[in-house]
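I opened this notebook to record what I looked up in the structure shown below. The entries follow the order in which I worked.

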Number of protein chains: 2
Amino acid sequence: MILCDIGNSNANFLDNNKYFSLNIKQFLDFKTEHKVFYINVNEQIKDHLKSLPYFIDLEPYFSFDTIYQGLGIDRISACYTISDGVVVDAGSAISVDIVSNSIHLGGFILPGISNFRKIFSFISPRLKCELNTQVSFDAFPQKTMDALSYGVFKGIYLLIKDVAKNKKIYFTGGDGKFLANFFELSIYDKLLIFRGMKKVLQENPQLITN
Amino acid sequence: MILCDIGNSNANFLDNNKYFSLNIKQFLDFKTEHKVFYINVNEQIKDHLKSLPYFIDLEPYFSFDTIYQGLGIDRISACYTISDGVVVDAGSAISVDIVSNSIHLGGFILPGISNFRKIFSFISPRLKCELNTQVSFDAFPQKTMDALSYGVFKGIYLLIKDVAKNKKIYFTGGDGKFLANFFELSIYDKLLIFRGMKKVLQENPQLITN
């Protein structure tokens, strides 16, 4: 059984317990004769996916309690195994979702860390630089690299801390491991989205046997 | 007497009390036979400025107490008239500087509001939308537009609030008026950078008479 989570930049796979990632161009050439259970937020490849044999969209099988309009299925899946906590998926964008008693209370979105860097380099050549992952949150920055890093990392930190209060925070996505370091009550789970997909399959065993 | 503050996108002028703005392309065609006192952070037009008669660079005349490496002269000028407070210049980037007893304690930088929107539209077509300037900071967002607006505006708010404590906050720049609304102890001063330049001229009257 293969699980596949398709975003705007990449398609991430879990083939039994083996994780791998393809960019969208590579994904378009991907062929298999095994069943692939997928979720997808990439509008541009929706038609392509429908044309693929063996590919089964899991989205209709999630029963998730939210009043959020148009919540991405990747965010739903990441929240799906959590009954209480904050879910942070830090990829090309950073989504932060609050779950309480298995109900989704809402969420917000920030640019991903690499996209912050990209936009700084567009604004001015003077702002084109690496970010300092060790920047102090307790001292005012004294040079450009720290000024940008403080703005990005402390901004993300304050926003998450403000909604998390004493809830546990579940991080996933490429920058999830790094951001989890800022918090005591945090867990990094690379496979969080796949766990939501697995839960749906447990709730719908007919999908596997059919 | 004409004052001119040149950034990466625009050159802003104060001709006596008349304010006007040229984009950089327009600025390159700008001619005058009056003295223009300028500050400039745009590396690409430094040589052009040196070739202009009547243009006098005010940067060497600022005496400003900071250990910040490479602090932009626009940020210095905005801080120059403040003895105590936080200075926020919200343009294509948002700079936040902390001044205490006429000493610059440091500062940080964020993307400007329009550049946040630009980066969201690059990340995904689903994230391409207007921001909601009325979004509540006290309720979790329930749709994409509010999720993005909350991330941007509350992120900016929390970062500024965290450094400002009970200091007065001086806003300038295109989005300064809007951001000032989030704070009680705030002032919006469109001409803040020009006030710093005027102070330098008062301290160096020979520049005007020569």
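The entries below cover conventions, the contact between the chains, one loop residue and one hairpin.

**Conventions.** I note that this is a predicted model, in which local features need pLDDT of at least 70, side-chain atom pairs count only at pLDDT 80 or more, and totals for chains, interfaces and linings use all residues. Residues are numbered from 1 along each chain as its sequence is written, chains are lettered from A and ligands numbered from 1 in the order in which they are written, and side-chain values use heavy atoms, with hydrogens and water left out.

**Entry 1: the contact between the chains.** I looked up how much area chain B and chain A bury between them. The value is about 3900 Å², with 66% of it on carbon and sulfur atoms; buried area is the accessible area (1.4 Å probe) that two parts lose on being put together, summed over both. Of the area that chain B buries against chain A, B:Arg126, B:Phe140 and B:Gln142 supply 17%, more than any other three residues. I then listed the participants: 46 residues from chain B and 46 residues from chain A, where contact means heavy atoms within 4.5 Å.

**Entry 2: polar and charged pairs.** I found 4 salt bridges between chain B and chain A, each a side-chain nitrogen of Lys or Arg within 4 Å of a carboxyl oxygen of Asp or Glu. In one salt bridge, A:Lys154 meets B:Asp162 at 2.7 Å, N to O. I next asked which elements of chain B supply at least two residues each to the side that touches chain A. They are β7 (93-100), β8 (103-111), α4 (113-123) and α5 (144-164); helices (H or I, at least four residues) and strands (E, at least two) are DSSP runs, numbered from the N terminus. The largest share, 11 residues, comes from α5(B).

**Entry 3: B:Ser83.** I located B:Ser83 in the loop between α3 (73-79) and β6 (85-90) of chain B. Is this residue buried or exposed? B:Ser83 counts as partly exposed because its relative accessibility is 41%, and that class lies between buried (under 20%) and exposed (over 50%), with a 1.4 Å probe and protein chains only. Leaving aside neighbours within four places in sequence, B:Ser83 is in contact with B:Val99, B:Ser100, B:Asn101 and B:Ser102. The C-alpha atoms of B:Ser83 and B:Ser100 are separated by 6.1 Å, although these residues are 17 residues apart along the chain.

**Entry 4: a hairpin in chain B.** I checked β2 (residues 10-15) and β3 (residues 18-23) of chain B, which pair in the antiparallel sense over 6 bridges; pairing requires that DSSP finds at least two bridges between two strands. B:Asn12 stands opposite B:Ser21 in β3(B). The hairpin has 2 residues between its strands, and B:Asn16 in the turn has a positive phi of about 55 degrees.
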